[in-house]
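Work through the exercises below with the model open. Try each task before reading its solution.

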Amino acid sequence: MTIFQFPKDFMWGTATAAYQIEGAYQEGGRGLSIWDTFAHTPGKVFDGHNGNIACDSYHRYEEDILLMKELGIQTYRFSVAWSRIIPDGDGEVNQEGIDFYHRLVDCLLDAGIVPFCTLYHWDLPQTLQDDGGWENRRTIDAFVKYAEVMFREFSGKIKFWLTFNEPWCIAFLSNLEGKHAPGNQDLQIALNVGHHLLVAHGHSVKLFRDMQLEGQIGIAPNVAWAVPYSKSPEDRAACDRNIEVYADWFLDPIYKCSYPDSLYEWFLQAGAQPPVQDGDMEIIAQPIDLLGINYYHPSVNRYHPEAGYLQSEEVDMGLFKTDIGWPIDATGLYDVLHYLQKYGNVDIYITENGACVNDGPVDGMVNDTLRTQYLQQHIAQVHRAINDGIQLKGYMAWSLMDNFEWAEGYKMRFGLIHVDFRTLERTPKESYYWYQNVVRNNWMETR
Ligand SMILES: CCOCCOc1ccc(-c2cn(C[C@@H]3NC[C@@H](O)[C@H]3O)nn2)cc1
């Protein structure tokens, strides 16, 4: 048996996002977001699922926080729905929305749980999308105004801030792959969106500093780890592109004040480039305090001329997979954490890591053994990385409870807690109790 003891100030937590759990999509003065529009569009989301009700956490957050308190976690990562705070994106502030998040944050603080706030988790106010969304530089100013409202209202209570969740998903998955809202399929639009969100990130960080606020601020990229199918230079290069588009494309501007040359040239050859204006890169490169890293699975890649915008084909090597089809290999987390040391020995929080396991209750229990095994394997790699001197400060399991998994709807379940979406009844799974033990002990044992 091996015991993995974690540092005494290591923060254990769980993560969710507004559109995925809140529901109450027309309550409390909330404006429509691009995910309301996308999910209400036939064919975009599995079986026509949407976030109108979701987990109804808008009304049930106290019950959720009680379950978090019983879990024993030190922190809870949630996101704020921009269209609850400023319903039309950059007009009047909605006091009902402010009041809701004060109730949520106060309830967390009363439970002894540190709020970890994501400002943008994909749900852009629809009125801004109607005016071009992230393609339009006006959205940068609107975001900074929203961030200022949040900083002014909550900086006394919230000390951990993330500007954007998964910039690759916001730019490429949503504007090139077309799988997420708003569903564009154009490389130049993806580069425009990616660049403008980075400029908005930089301005928000500068504002946070200028306001002399207590706390830390960062960004949460989802990272890929790809290994080459063969030793050929073409396969190696295909892997590099796959890794760089998730991490370097966004982190090089922040930490190095420039886009990565190789990928910049790759996109240039495809006739696209980020719309950089004077001063943009300097603003983007505002120093940040922490990096949130979202990791789920690695891949084996090889060059293939018809394999999408990166000409990088994922090869199925027959690894065991979760129910969403992602291969399980926790060493990819260890490897990508070492890869990220290129940006320095920066403070890192694992802001998302978890498994899609769709088991439901049998006699009131959910035996999601595969999720427990997945978490155990990945937490062991977190310990391994800490042991190497990597500054890992916390781990947040995705997700607290089953929720709206974007284009997959409610079909794909990532929760430590099962949600019956007919009754909204919450049922802690086997993995909840296993994680509770790790959190309470601050150590984990493997047999
Ligand atoms: C054929 C082309 O296909 C491109 C890959 O398509 C996807 C889809 C989805 C993801 C994805 C989903 N998640 C989990 C979420 N992270 C944020 C939180 O809200 C979770 O719900 N991480 N990555 C990646 C890639």
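Helices (H or I, at least four residues) and strands (E, at least two) are DSSP runs, numbered from the N terminus. This is a predicted model: local features need pLDDT of at least 70, side-chain atom pairs count only at pLDDT 80 or more, and totals for chains, interfaces and linings use all residues. Residues are numbered from 1 along each chain as its sequence is written, and side-chain values use heavy atoms, with hydrogens and water left out.

**Exercise 1.** Place Thr 351 in its surroundings.

Step 1. Find the element. Thr 351 sits in strand S11, residues 348–353.

Step 2. Judge its exposure. Thr 351 is buried because its relative accessibility is 0%. Buried means under 20% relative accessible area (1.4 Å probe, protein chains only).

Step 3. List neighbours. Leaving out residues up to four places away in sequence, Thr 351 touches Ala 15, Arg 77, Phe 116 and Asn 294, among others. Contact means heavy atoms within 4.5 Å.

Step 4. Look for a polar partner. The side chains of Thr 351 and Asn 294 make a polar contact at 2.6 Å. Such a contact is a pair of N or O atoms within 3.5 Å; within protein, one must be able to donate a hydrogen and the other to accept it, and residues adjacent in sequence count only if both atoms are side-chain atoms.

**Exercise 2.** Describe the whole protein.

Step 1. Count elements. There are 16 helices and 15 strands.

Step 2. Check the spans. The C-alpha trace covers about 55 × 55 × 45 Å along its principal axes.

Step 3. Take the buried share. Of the 447 residues, 61% are buried.

Notes:
Buried < 20%, exposed > 50% of the residue type's maximum accessible area, 1.4 Å probe, protein only.
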